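Please open the model in your viewer and keep the sequence panel beside it. The tour below proceeds by selections, each followed by an account of what is found there.

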Amino acid sequence: MGEARGAAARAGVAAGLVLGAGACYCVYRLTRSRRAGPAAGTEGAASARHRSAPAGGLLPQVSGLSVLSSLAWGGPSSLQSDTDPRKSPSNLDAHHLQKLLHLLEFTDDPLIQEQALVTLSNCAAFSVNQDIIRNLDGLSVVGKMLSNSVPKVKEKALNALNNLSMNVKNQEEIKVYILQVCKEIELSPLNSDLQLAELRLLTNMSVTNDYHHMMTNAIPCFLHLLSEGNERTQIQVLKVLVNLSANPAMTRHLFSAQAQSLLSLFDNCINKEILLRALMFAANLNENMKNEEGIVTQDQYSEDSVFSLLCGHSTQYTKKLVCLLHHHDTEVKEQVAKIITQLRGDTKTRYSVKLQ
């Protein structure tokens, strides 16, 4: 009986948190919608949970707002006069975020942690809040949740960091978690939401070349996921690999990795999103080799390496490229033509490739 009451109490607390945080978010949306839109590139953001909750709980402590009982998370808000959206929200928003971060830092309840992180993730979709959360030392508070033993809490923490990473100054602090996330990707259940959240964060953190070197040791894992993962996982892995391949300094690391099943992606029956990114990955590497000084020989790489498959004596690869020239999608055909041109232009001076 006591356990049932405890569970009910925790559910009530979480409902109050969702309600209060949702009210804060709605006020922010109302007051900021004419000034700025959501930050770009938040593909990996956690979506709001659409659920109704009764008034009460942690509302006074978290948000400080008076909200009518008809308020629903993520839905139309009914706010009393003390939350008039025409008033300046600057101090109010920082105050709410600070209380939310304090709650996240000092609670041990996974349900409350999860809801707090969802709210922070939604708030972090707006650039002004990205700065506020950083200035409140919120990045380290969220980052600590990556060591949480509950997978759902870790996933929501990754989603929050994903949105927060759309800010250059934030990336300078979030970089300390890159090695940890790279290790966790290999340990996470294959194709799980947790693994996808980890890959999404690395996608954002690899948009610039600044932190690519920190992902070098994870390249074999990325290529393994490309082979074993489902389509969602493959797409997310390829986003990271395309980013890495755009950096000439990463070319030799990528070429050296083993990727026996890589060629299976270059096929007419493959999902277009996967095929296009695989082609972009190959084209980037070819372009880097073209601009690199000195001659690269086949002997430097093993038979199953990315180099041998894409730039060596692989007649299977060249046959696949020729077949893809007849693909129904124009964008795919353009990428294939680009790769063939790159390979033909460098066969005599850089490396040996036979195109039939």
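Which residue follows helix 5, and what is the sign of its phi? Select Asp137: this residue comes after helix 5 and has a positive phi, near 65°, although Asp137 is not a glycine. Helices, here and below, are DSSP runs of H or I with at least four residues, strands are runs of E with at least two, and both are numbered from the N terminus.

Before going further, note that this is a predicted model, in which local features need pLDDT of at least 70 and side-chain atom pairs count only at pLDDT 80 or more, whereas totals for chains, interfaces and linings use all residues. Residues are numbered from 1 along each chain as its sequence is written, and side-chain values use heavy atoms, with hydrogens and water left out.

**The whole chain**

Display the whole chain as a cartoon, and you will find 17 helices and zero strands. Colouring by burial shows that buried residues make up 51% of the 356 residues; buried stands for under 20% relative accessible area, exposed for over 50%, and partly exposed for what lies in between, with a 1.4 Å probe and protein chains only. Of the contacts (heavy atoms within 4.5 Å) with a separation of 6 or more, 73% are between residues 24 or more positions apart. On a surface representation, the chain exposes about 16,500 Å², of which carbon and sulfur atoms supply 51%; accessible areas come from the Shrake-Rupley method with a 1.4 Å probe, and for residues only the protein chains shown count as cover.

**Helix 5 and Asp137**

Return to helix 5, residues 127-135, and select Asn129, Gln130, Ile132, Ile133 and Arg134, which are buried. Asp137 itself lies in the loop between helix 5 and helix 6, the latter spanning 138-144, and because its relative accessibility is 45%, Asp137 counts as partly exposed.

Now add Glu105, Glu172, Glu173 and Asp210 to the selection, since with Asp137 they form a negative surface patch. A patch is made of residues with over 30% relative accessible area and no salt bridge, like charges being joined within 9 Å and nonpolar side chains (Val, Leu, Ile, Met, Phe, Trp, Tyr) within 5 Å. Asp and Glu count as negative and Lys and Arg as positive, while His and the chain ends are not counted; the place of a charge is taken as NZ of Lys, CZ of Arg, CG of Asp or CD of Glu.

**From Gln130 to Met166**

Keep Gln130 in view and select Met166, 36 residues away along the chain, whose C-alpha atom is separated from that of Gln130 by 8.2 Å. Met166 is found in the loop between helix 7 and helix 8 (168-174), and with a relative accessibility of 30% Met166 counts as partly exposed.

**Salt bridges of helix 7**

The structure holds 11 salt bridges, a salt bridge being a side-chain nitrogen of Lys or Arg within 4 Å of a carboxyl oxygen of Asp or Glu. Select Glu114, Lys152, Glu155 and Lys156, which are linked in a network of such bridges. Lys152 meets Glu155 at 3.3 Å, N to O, and these two, three residues apart in helix 7 (residues 151-164), are separated by about one helical turn. Lys152 is partly exposed at 37% relative accessibility, whereas Glu155, at 10%, counts as buried. Glu155 also meets Lys156, at 3.7 Å from N to O, and in that pair both residues are buried.

**Pro110**

Next select Pro110, in helix 4 (residues 110-123), which at 33% relative accessibility counts as partly exposed. Leaving aside neighbours within four places in sequence, Pro110 is in contact with Val150 and Val153, and its C-alpha atom is separated by 9.4 Å from that of Ser149, 39 residues apart along the chain.

**Two last stops**

Move to Asn191, in the loop between helix 9 (178-187) and helix 10 (193-205). Asn191 is not a glycine, yet has a positive phi of about 70°, and with a relative accessible area of 22% Asn191 is partly exposed.

Finally, select Glu287 and Lys290, whose closest N and O atoms are 3.1 Å apart in a salt bridge. The two are three residues apart in helix 14 (residues 272-291), so they are separated by about one helical turn. Glu287 is partly exposed at 28% relative accessibility, and Lys290 is partly exposed at 36%.
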